[in-house]
Amino acid sequence: MSGLSTERTSVGVVGGGAWGTALAVHCARMGHQVQLWALEPEVVAGINGPDRENSLYLPGHKCPEGLSASSSLQEVTSSSNLLLIVVPTPFMEKTLAPVAAALKPDSILVSCTKGILNDTLETPHEILLRVLPGAVHSQLAYLSGPSFASEVVQGLPTVVTIAAQEESVAARVQTLLSTPRFRCYRTNDVIGVELGGALKNVLAIACGISDGLNLGNNARAALITRGLAEITRLAVAKGANPLTMGGLAGMGDLVLTCTGDLSRNRTVGLRLG
């Protein structure tokens, strides 16, 4: 990117967890008008209240004035030109199906969720194609990469990948979300980006177990390297570009999750070890 856009728009964030709140704060700091939907009334009250804080999921970080919270999902989804979907994979269908018909036909929807549905093995992309009307399918994009919520909300340097089957959609999201400290690259490899973000969690647990057993740095490096090879083979078999696995959504996210002290999956492994 040669320059950063000054264009601002209405942004809706579906999901009031740590990651959803961090993205909402990022967008509000950019100057976008942001509404965040949260299931928990205490999250809505906390963000809108005098403390301006999501003390349940992201304590200690004040929300900008340009960010408001709502308990009305239809209000948020029907009024946003850019809609960030940040709910866990098992709850995507239940959350979005009731409001699918209310989506603005020209709005861009960005899934910021990583995972694979246990029962059907669907990725977020496959869930959204099934749940949302066909008119918005060309407006779907996906954000992934090495990005701890607490570091994003602190304004620490972060680089992510935006994937979309339509080049113009990926470019639009890149334009609306990029700042000097939150840089977005783009790709059309939706499959690779989603599988990289989901499958690295298994390796992070394995690395945590290895570290918990004090098996050493050599073992951790072996797990990451050979794990990446296995993830790449599976992703390519599903139609991904192997180069994606060497980028932010593959190697980048894998290294962060397998080595970072803030990684929840690595922490699970440490406790098991």
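## The nonpolar cores

In this predicted model, the largest nonpolar core is made up of 40 residues, and those with the most contacts inside it are Trp19, Leu67, Leu82, Leu84, Val110 and Leu143. Helix H1, which covers residues 18-30, gives the most to this core, contributing seven residues. Apart from this core lies another one, of 25 residues, which includes Leu73, Leu96, Leu132 and Ala249.

Leu82 can be followed further through its surroundings: once its neighbours within four places in sequence are left aside, Leu82 is in contact with Thr9, Ser10, Val11 and Gly12, with Ile108 and Val110, and also with Val173, Leu176 and Leu177.

## A buried strand

Strand E6 (residues 140-144) is largely enclosed by the rest of the structure, because five of its five residues are buried. Both faces of E6 are covered, with Leu140, Tyr142 and Ser144 buried on one side and Ala141 and Leu143 buried on the other.

Strand E5 (residues 108-111) runs parallel to E6 and is joined to it by three bridges; Ser111 has Tyr142 as its bridge partner in E6.

## The largest pocket

The largest pocket has a volume of about 1400 Å³, and its lining consists of 41 residues, of which Trp19, Val87, Pro88, Lys114 and Arg264 lie nearest its centre. Two or more lining residues come from each of H1, helix H4 (92-96), helix H6 (149-153), helix H8 (190-212), helix H10 (248-259) and helix H11 (264-272), and H8 gives the most, with five residues. Sorted by class, the lining of this pocket has 20 nonpolar, 15 polar and six charged residues.

Methods
Residues are numbered from 1 along each chain as its sequence is written. This is a predicted model: local features need pLDDT of at least 70, side-chain atom pairs count only at pLDDT 80 or more; totals for chains, interfaces and linings use all residues. Side-chain values use heavy atoms; hydrogens and water are left out. A nonpolar core is a set of buried Ala, Val, Leu, Ile, Met, Phe, Trp, Tyr and Cys residues joined through side-chain atoms within 4.5 Å. Buried means under 20% relative accessible area, exposed over 50%, partly exposed in between (1.4 Å probe, protein chains only). Helices (H or I, at least four residues) and strands (E, at least two) are DSSP runs, numbered from the N terminus. Contact means heavy atoms within 4.5 Å. On a 1 Å grid over the protein atoms alone, a cavity is a set of points where a 1.4 Å probe fits but cannot get out, and a pocket is an open set with protein on both sides within 12 Å along at least five of seven lines; lining residues have an atom within 4 Å of a point. Grid points are joined across faces, edges and corners, and a volume is the space filled by probe spheres set on the points. Ala, Val, Leu, Ile, Met, Phe, Trp, Tyr, Cys and Pro count as nonpolar, Asp, Glu, Lys and Arg as charged, and the others, Gly among them, as polar. Two strands pair if DSSP finds at least two bridges between them.
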